[in-house]
Amino acid sequence: MGERHERLLLVSTNYAPEQAGIGPYATQLAEHWTRERHAEVHVLAGLPHYPAWRLDPAYRHVWRTVDERAGVLVHRRRHTVPPRQTALRRALYEATILGHGLLAPPRMGRPDAVLAQVPSLAGGLLAARLARRHRAPFLPIVQDLMGAAAAQSGIRGGGRAASAASAVERRVLRAATLVGIIHESFRPRVAALGVPGDRIRLVPNWSHVAGPATPRAAVRARLGWPQAQTVLLHSGNMGLKQGLEVLIGAAREAPEIRVVLMGEGSQRERLRALAAGLPNVEFLPPAPEADFPDVLAAADALVVTQRATVLDMSVPSKLTSYFTAGRPVIASVADAGGTAQEVRASDAGWLVPPEHPAALAAAARELAADPAAADAIGARGADYARTRLGRAAGLARIDALLDEALTRPRRQPAPPAAHATEEQPR
């Protein structure tokens, strides 16, 4: 592409070394801009804490810092990290991200564009404010819809918080030059927030992990999973919206099946208590990044679950990794949601009713009865990831979004609802 001499700012609460959620996408995007666009890239991020919702010990005494990672300058700001999720704790989390970001914005020259990874409402507000201050294009990428999340996820006090979150979302998204959405199922709700259709662009997530490299039998032996036992694996955040109680119920329904929950999250200890006395339920910490694809591929099926109320606010980022692993997916999700749409599009798994342990157990028994068919279903997922979810194509779509924003006539965005003194750029 040649020298661009751009200066770009990405606002993303989550960033490497976080390996789950939106962190890997933010990291790969920023490093891509540095490497391929030859841009000066700055990231305004929080301190590493996700998905465990515990502060990374390496940052325990950090208030604010600048890390250089792969040529990217990562400006980190301290914030609260609530170990348990309620609407009030989430609001405090967002407020401290916003407050510290306003008090100490990145020291940098004028950015040519500001991009934000949303679901963080605070990150969206910060990005909108910084873009307005510098008269730069503002590009939020909607990974989750926080207003809908507050209403649908089951978080305590979420109903009361939903209207406030939607009001902030509306303000952030209406200030944007263009709005990226990761799935078509988000389009009606983003439009309902007041974003004209001609400013909404589809920029799907890509598969951010490599395919498996180690024979499945060897990985299963290392993990202690018997070759003859059907293993259902859930990997990722263990939060409220996942409704992972259904997996504990499926383990009771089908004692011959091993259920493995790998990851961290606010509900992990509660789920451990629910699974007490079940010898066929196993909890694992997150796999190291190098081992993660092999662990996914070692399972017989990969499970994605959501509460029945989760419809149009989230498409789990884990799906791209699941497809790449080449194993069948069992999706215990609402039939009308974006997750179900992706599973149908890939033709790589089973859709079962959410919060229905018997249906999930029946799907597991069906795949166990025909291993060859299960392998073929998983292979369709790998094909889908290869042809539709490639990293190069995903990054190119965001590059196209950025290029379009840089060439559009400037519009004056509405000011976000936040005021504070900011440091001047150097």
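# A Guided Tour of the Predicted Model

Begin by selecting Ala359, which is placed in helix H13, a helix formed by residues 357-369. The structure on the screen is a predicted model. Is Ala359 buried or exposed? Its relative accessibility is 16%, and because buried means under 20%, Ala359 counts as buried. Display the contacts of Ala359 next: leaving out residues up to four places away in sequence, Ala359 touches Val352 and Pro353. Then draw a distance from Ala359 to Leu296. These two residues are 63 residues apart along the chain, and their C-alpha atoms are separated by 22 Å.

**The whole chain**

Now zoom out and show the entire chain. In cartoon view, the secondary structure consists of 15 helices and 14 strands. Turn the model along its principal axes; the C-alpha trace spans about 60 × 45 × 45 Å. What radius of gyration would a compact globule with 426 residues have? The value would be near 22 Å, and the chain has 21 Å, which agrees.

Colour the residues by burial. Of the 426 residues of the chain, 59% count as buried. Switch to a surface view: the accessible surface of the chain comes to about 16,800 Å², and 55% of this belongs to carbon and sulfur atoms. Contacts may also be sorted by separation in sequence. Among contacts in the chain with a separation of 6 or more, 73% are between residues 24 or more positions apart.

**The two domains**

Select residues 7-206 together with 390-407 and give them one colour; this is domain 1. Select residues 216-387 and give them a second colour; this is domain 2. The centres of domain 1 and domain 2, taken over C-alpha atoms, are separated by 27 Å. How many residues does each domain bring to the contact? Domain 1 contributes 27 residues and domain 2 contributes 23 residues. Between domain 1 and domain 2, an area of about 2,000 Å² is buried, and carbon and sulfur atoms give 50% of that area.

**The nonpolar cores**

Hide the surface and select Tyr15, Trp33, Phe138 and Val190. These are the residues with the most contacts inside the largest nonpolar core, which has 92 residues. Which helix supplies the largest share of this core? The answer is helix H3 (residues 121-134), with 7 residues. Both domains take part, as the core draws at least three residues from each of domain 1 and domain 2.

Centre the view on Phe138 and show its surroundings. Apart from neighbours within four places in sequence, Phe138 is in contact with several residues, including Val114, Ala116, Gly124, Ala127, Ala128 and Ala131. Further contacts of Phe138 include Val172, Ala175, Ala176, Thr177 and Leu178.

Another core lies apart from the largest one: this core has 30 residues, among them Leu247, Ala251, Val259 and Val303.

**His234**

Select His234, which is placed in strand E9 (residues 231-235). Its relative accessibility is 0%, and therefore His234 counts as buried. Not counting residues up to four places away in sequence, His234 touches a set of residues that includes Leu247 and Val303, both of which also belong to the core of 30 residues. Other residues touched by His234 include Gln242, Leu244, Val260, Leu261 and Met262. Thr305, Lys318 and Tyr322 are also among them. Next, draw a distance from His234 to Trp350: these residues are 116 residues apart along the chain, and 15 Å separate their C-alpha atoms.

**Backbone details in the loops**

Show the backbone atoms and move to Pro17, in the loop between strand E1 (7-11) and helix H1 (23-36). The peptide bond from Ala16 to Pro17 is cis, with omega near 20 degrees. Move on to Pro51, in the loop between strand E2 (40-45) and strand E3 (64-69). Here a cis peptide bond joins Tyr50 and Pro51, and omega is about 10 degrees.

The next stop is Ala70, found in the loop between E3 and strand E4 (72-77). Ala70 is a residue other than glycine with a positive phi, near 50 degrees. Is Ala70 buried or exposed? With a relative accessibility of 56%, Ala70 counts as exposed.

Finish at Arg135, in the loop between H3 and strand E6 (138-142). Arg135 has a positive phi near 55 degrees and is likewise a residue other than glycine. At 56% relative accessibility, Arg135 counts as exposed.

Methods: Residues numbered from 1 in each chain as written. Predicted model: local features only at pLDDT ≥ 70, side-chain atom pairs only at ≥ 80, totals over all residues. Heavy atoms only, no water. Core = buried A, V, L, I, M, F, W, Y, C linked by side-chain atoms within 4.5 Å. Buried < 20%, exposed > 50% of the residue type's maximum accessible area, 1.4 Å probe, protein only. Helix = DSSP H or I, 4+ residues; strand = E, 2+ residues; numbered from the N terminus. Domains from an automatic or database assignment. Contact = heavy atoms within 4.5 Å. Rg over C-alpha atoms; globule rule 2.2 N^0.38 Å. Areas by Shrake-Rupley, 256 points an atom, 1.4 Å probe, with all protein chains shown as cover. Buried area = accessible area lost by both parts, 1.4 Å probe.
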